[in-house]
Amino acid sequence: SRAIKTNQDLLPETPWIHIFYNDFWGTLLTHSGSHKSYRPLCTLSFRINHAVGGMDPWGYHLVNVLLHAAVTGLFTNFSRILFGDGYWTLIAGLLFASHPIHTEAVAGIVGRADIGACLFFLLSLMCYVKHCSTRGSSPSTWGWILGAGLCAGCSMLWKEQGVTVLAISAVYDIFVFHRLKMHQIISALYKRKNLTLFFSIGLLTSWGTALLGVRLYWMGNKPPSFSNSDNPAADSDSFLTRTLTFFYLPTKNLWLLLCPDTLSFDWSMDAVPLLKAVSDWRNLHTVAFYAGLLLLAYFSLKGSGNERECNGKTVMNGKQNANGHSCHPEMEYKTLEVKSSFASKEENGLKKHEIQKLQLPSTENIVILSLSLLIVPFVPATNLFFYVGFVIAERVLYVPSMGFCLLVTVGVRALYVKAQKRFLKNLVFCSTAALIVFYGLKTVVRNGDWQNEEMLYRSGIKVNPAKAWGNLGNVLKSQSKISEAESAYRNALYYRSNMADMLYNL
């Protein structure tokens, strides 16, 4: 309602330039009541939709679906750089296309902010990949990095987290393209041949700082303020409660990516009870989550000492094995064949950096990039730098889910490579196919919840009963179902007795 129906910035009589001074909801960005959600390109897309089809929702939904299709295509194309032209790239693309966590972003029209940000996020990343591959050999390389910077700015103007693509680009350059390990980064500073690398990283850092500085200035140098119901942990007086809850929330978000069984249109209020004591058993989930994350990052950054000989990173097609951790006799002849083909190409005048482009990254490199894609775009939603206006928001996981899909794919591939028997290989492959099918079925079911407001609010009763019953009461009241609406309001007050609007409506 606020983003489209009552947003004056969508009307033709409102000067279009107002979009760049108002927030996502049409409120002046410097106003004390503004949520500081500065997404002018998304609002502009709504305005174009309004100009073409008015308030007919069909056109708005069509644009969302087309954008999701474009993002899926770009993500699959990017996966090809990591996995080659085989099955693994297809698996990564299908995982992203079918994941149920995307339903809110695609089926909910205001979720377009996340899809649009992800589209330009990937365009920026692909431009930087092109810059890396042409650096030192083509004058157009600096045009590619300029394109990466412009697309990063556009991504941020769709949604704030889009600016994090600059950090992902730096990770790709250091750990995937140059294949550096943590202990090699310091020594690489002193090598003259790496000057172009650090110059590119410097440009990314400078551009990111400039974008964030302008963004902060434009919103009046003040963070937004939210109500207690939006983010109860942020409003808690107890430092321990805030700390334990904020550390736990990423664990809950990861579980939604792993097992999106229970989804909700709203996770505010008491949908996730606060962690008020160290004895809360959910802290075990927190410890397990961060321990696993740190171990995965440590072993990936450290790398294996025999990776050049054994992990198959020079294998060209992703169909058989591409990057396992251990040597396998069935792959030795393929690696030797590829090496000999590289040698012949080098003799024919193919430059060393062009040969390097053809090689697939190692498993450790892909894990580092995947973790970065999972974590960095999610950081703005962690309450680490500023409080946000939600507890959990499924749409916020649209961009980080790319890292999750890459992690699952590289994990499945590692299992497939390590499996010695054909039966086990087939089992791994069939299990992955089953996962994609179940994700797709859940997405279809979840889309049914988004058919109309009544179905959506009924589906959220299990997670957030107070908010769901209250919204459902409003829908039933508008349908003149007075007795049912009264019952819904009373149910809402049963779970949260201090909701003034429910008392007023009742």
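**Helix α10 and the aromatic pairs**

Author: In α10, the buried residues (under 20% relative accessible area, 1.4 Å probe, protein chains only) are T241, R242, L244, T245, F246, Y248, L249, P250, T251, N253, L256 and L257. This is a predicted model, where local features need pLDDT of at least 70, side-chain atom pairs count only at pLDDT 80 or more, and totals for chains, interfaces and linings use all residues. Residues are numbered from 1 along each chain as its sequence is written, and side-chain values use heavy atoms, leaving out hydrogens and water.

Reader: What do the buried residues of α10 pack against?

Author: They pack against α11 (282-302), α15, α16 and α17 (422-449). Contact means heavy atoms within 4.5 Å. Helices are DSSP runs (H or I, at least four residues), numbered from the N terminus.

Reader: What span should α10 have, and how far apart are its ends?

Author: Helix α10 covers residues 239-258, so its 20 residues should span 28 Å at 1.5 Å a residue. The expected span is 1.5 Å times one less than the number of residues. The end C-alpha atoms are 30 Å apart, which agrees.

Reader: What happens at the start of α10?

Author: A side-chain oxygen of S238 comes within 3.4 Å of the backbone nitrogen of L240.

Reader: Which charge lies over Y248?

Author: R282 does, at 5.3 Å from the ring centre. The test is NZ of Lys or CZ of Arg within 6 Å of the ring centre and within 35 degrees of the ring normal.

Reader: New topic. How many aromatic pairs are there?

Author: The whole structure has 16. Rings of Phe, Tyr and Trp (its six-membered ring) pair if their centres lie within 6.5 Å; planes under 30 degrees apart are stacked, over 60 edge-to-face, the rest tilted. One of the pairs is F24 with W25, edge-to-face at 4.9 Å centre to centre and 65 degrees between the planes.

Reader: Is F24 buried or exposed?

Author: F24 is buried, at 2% relative accessibility. The charged end of R39 sits over its ring, 5.0 Å from the centre.

Reader: Why is the F96 and Y398 pair edge-to-face?

Author: Because the planes of F96 and Y398 are at 75 degrees, with the ring centres 5.5 Å apart. F96 lies in helix α3 (residues 87-98) and Y398 in the loop between α15 (363-375) and α16 (400-418), so the pair ties together parts that are 302 residues apart in sequence.

Reader: Which residues do ring pairs link into a cluster?

Author: Y87, W88, Y416 and F429.

Conventions. Buried < 20%, exposed > 50% of the residue type's maximum accessible area, 1.4 Å probe, protein only. Helix = DSSP H or I, 4+ residues; strand = E, 2+ residues; numbered from the N terminus. Polar contact = N/O pair within 3.5 Å; in protein donor to acceptor, adjacent residues only side chain to side chain.
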